[in-house]
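Reader: I'd like a close look at one helix in this model, and at what surrounds it. Could you take me through it in one go?

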Amino acid sequence: MWDIVRVNVLTLFNAIVAGSFILLLVLGQWQDALFGFSAVSNAVIGVLQEYRAKRVLDRLAVISTPHARVLRDGTVQDIAVKAVVHEDILVLRAGDQVPADATMLDSESLEIDESLLTGEADPVMKVPGDDVLSGSNVVAGRGRAQVTRVGSESFASRLTVEAKRFSMVNSEIRNGLNRILRWITWALLPIMLIVVNGQMQAVGGWGLAISTGSWRTAVVGAVASIIAMVPLGLVLMSSVAFAVSGVRLAQQKVLIQELAAVEVLARVDILCMDKTGTLTEGTIVFDAVHHLGETHDTGPQQSPGWRNTLSWFGADPAANATARCLAEEFPADASLQALATIPFSSERKWSAVEFGIDTAAPGTWILGAPEMVLALGSPSVSPRRAVAAAALIEANALASAGMRTLVLAYSTESIRTDAATALQSSTAGTTLPSDLSATVLLTFREKVRPDATRTLSYFHDQGVGVRVISGDNPQTVAAVAREVGLNVKEGYDARTLPTDPDKLAEIMEQNLVFGRVTPTQKKDMVRALQRRGHVVAMTGDGVNDALALKYADIGIAMNTAAAATKAVSRVVLLDGRFDRLPSVVAEGRRVIANIERVSMLFLTKTAYAVAISVFFGTLIWGFPFLPRQLSAMDGLTIGIPSFFLALMANARRYRPGFLKRSLFFAVPAALIATAGILAVKTYSIVASGFSTKDVQSALVITLSLIALWVLVVVARPLNRARVGILLAMYALLVAMLTVPLPRDFFNLAVPSSPLLQVSVAVSIGGCIAVEVLGRIRARSNARGDARSDRHDRAALKP
């Protein structure tokens, strides 16, 4: 919380404003201290938005299981995770998430997936005495474990604390604003000395000013110049725009966990994504049965119970995730009772069951990976060997098409002896029956998100490159990529990736799909793309992805991701809909384009404030405006209209160089406004006889009219709403000069006729010059957009 307050409150910008505000209050000039409320609003909005995100982070935890299964008083009970206590006995089954750190008591081929926590891709076989970590998942087998650590002492809780560490995204807008403030900081002291000296000399010199007390007027003028140089409302408007975007996206079930995250996604030109959980829904579904020659021959013709067998494998409590997919296609057969079983093991990659001769599927059945079941078996009959070879060829073809493939094989040989051994110790050494007959091939596929193709097409059209990074087989990943519309022939095997950053970056530029990627490689791949100047977004689903998500310019988590992954991600798609991302990009582009538009107004004001301060101080003239007059002009020409402009629709694509483009327009426009002020001031001195109020009023009119035309140019293309805003600002300017209450408060009056005519004439000339500058800017932007389009098209062809 202290970091959030420090980032939003203890800034140089706020220190300048607070110091000036307090000084005016001490001098009794409260009317000129209106600018202080802008700084307070900015800090409050920033803190509240970041605190809201912090509260969301604090509610996240690695553990997502709502209940735990424990053995108490001799019975198995389902209890809340928070009710698990030290020395409880956990009853673990396939599909469970371990709710607390524990030590194994007994195990029946229990395998734990710890990738969420450690990054280890393969499940780990657990035997009595082994430790299991909270947040890991049971993928096969069953067992019991005694709880050793709960709550904040558990591994998952310690990991969550590290994952939730507060950090800021790399925001071009925020960086640009900070750079401007640094420039202003360096310029403040010398300019302030010039202004103060000019003020003192204008009232008769330092000695007279101090002796008569007129130094107070000099201080007010100095404060006015300082505040005018600081782009007061730009940070506020940026905060408001980001906050409103956060609310808009929250209504679409998109959580933005930091204000600037919307802007960053709008700048992304490379999107790195995992296959599982992003392109696919992260679930395996049954695809089809592929009959083999033996299906109607020696094996299953004699034992035609392969369908009943598949129903048993699907309903087995110890089944892994793939086998459980069979349950929907092959409903459970309650009459089928197993004589013996061998649970699935990731080491041997098969499981087995034996049924009695009086059942619907008598004999022994093996379900597993074709290359393991058919290669390790030793069929003694040549026709069976031929079918096995054909099955392997077909299985390889199906796998290259992106399918996960299993084979169901049959044997008359009993496994009861092996099973007894398997239930008491590791099953790594269990052998297959010697007379296996390949029965059917089963294919499974990952369920592709229905919105994935449309979303990737959108990113392609918007010039955003895509890299699919997965730990799966490269060919499987490539097949899924082709299914969602990516033009890729094969995937790159990350096991052959070089460690040299430059060579890795070159490969990343030339390839779209990568398989067998380790967590460390994910981070290196992100860094390699960033070295090439890319703005990288990344999706992740495991805690082991946290480091890569931190290094990416922006991390995106789906709703199915680990809670700790959500905690380090800047964007969370709460309903898991991948097609929300185009809305986020559109919102980000609206924000960044509108803030660029608004920044031109504020930077124009900062630039002409600097120029006026330097010219007037050098010429030993008093600063021409009171702080309250500057506040009024800021409200008319910048503050009020920028509030609306920052929130209006804007679909313009992002181009790098926000600050450069803003200054390219703002500095010349400021010099035009400064020239107009100097012309009117010079006329008032030469003609003489005008009161201070008349001169200040004429200068207010001149600067306001030129600044309003800057607003007209920046607000284009005009529509009914924008025209209405512009007309309202002109009307308020007239009211400020003619309505008694505001006129008296701001110390203004309608100038005498000659001075008014000169002011209007100079203003018209300034508006024409600003119009010419605006047309030059429009042509420059058009050329830049065209170059950016050509670059994007080239980048999409690796």
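Author: A quick bit of vocabulary before the helix itself: a residue counts as buried under 20% relative accessible area and as exposed over 50%, with partly exposed in between. Keep in mind, too, that this is a predicted model.

The helix to zoom in on is α19, which spans residues 452-461. Which of its residues are buried? They are A452, T455, L456 and F459. These four cover an arc of only 95 degrees around the axis, so they sit on the same side of α19. The general background is handy here: an α-helix has 3.6 residues a turn, so residues three or four places apart point the same way.

Now flip to the other face. Turned away from the buried side, α19 carries the exposed residues R454 and D461.

What does the buried side pack against? The buried residues of α19 have quite a list of partners: the strands β9 (270-273), β15 (437-448) and β16 (465-469), plus the helices α11 (275-279) and α25 (581-618). Just past the helix comes G463, which follows α19 and has a positive phi, near 80 degrees.

Two of those partners lead on to a sheet. β9 and β16 belong to an open sheet of 8 strands with mixed pairing, in the order β8-β21-β20-β19-β9-β16-β18-β17. Read along that order and you'll find β9 and β16 side by side. The edges are β8 (254-256) and β17 (492-493), each of which pairs on one side only. At the β8 edge, 3 bridges join β8 to β21 (residues 571-573), and the two strands run antiparallel. L255 stands opposite V572 of β21 there.

Stepping back for context, the chain has 31 helices and 21 strands. Buried residues make up 54% of its 798 residues, so the four in α19 are part of that share, each being under the 20% cut-off. Among contacts with a separation of 6 or more, 74% are between residues 24 or more positions apart. As for the outside, the accessible surface of the chain comes to about 33300 Å², and 59% of that belongs to carbon and sulfur atoms.

Note on methods: Residues numbered from 1 in each chain as written. Predicted model: local features only at pLDDT ≥ 70, side-chain atom pairs only at ≥ 80, totals over all residues. Heavy atoms only, no water. Pairing = 2+ DSSP bridges. Buried < 20%, exposed > 50% of the residue type's maximum accessible area, 1.4 Å probe, protein only. Arc of directions from axis to C-beta. Contact = heavy atoms within 4.5 Å. Areas by Shrake-Rupley, 256 points an atom, 1.4 Å probe, with all protein chains shown as cover.
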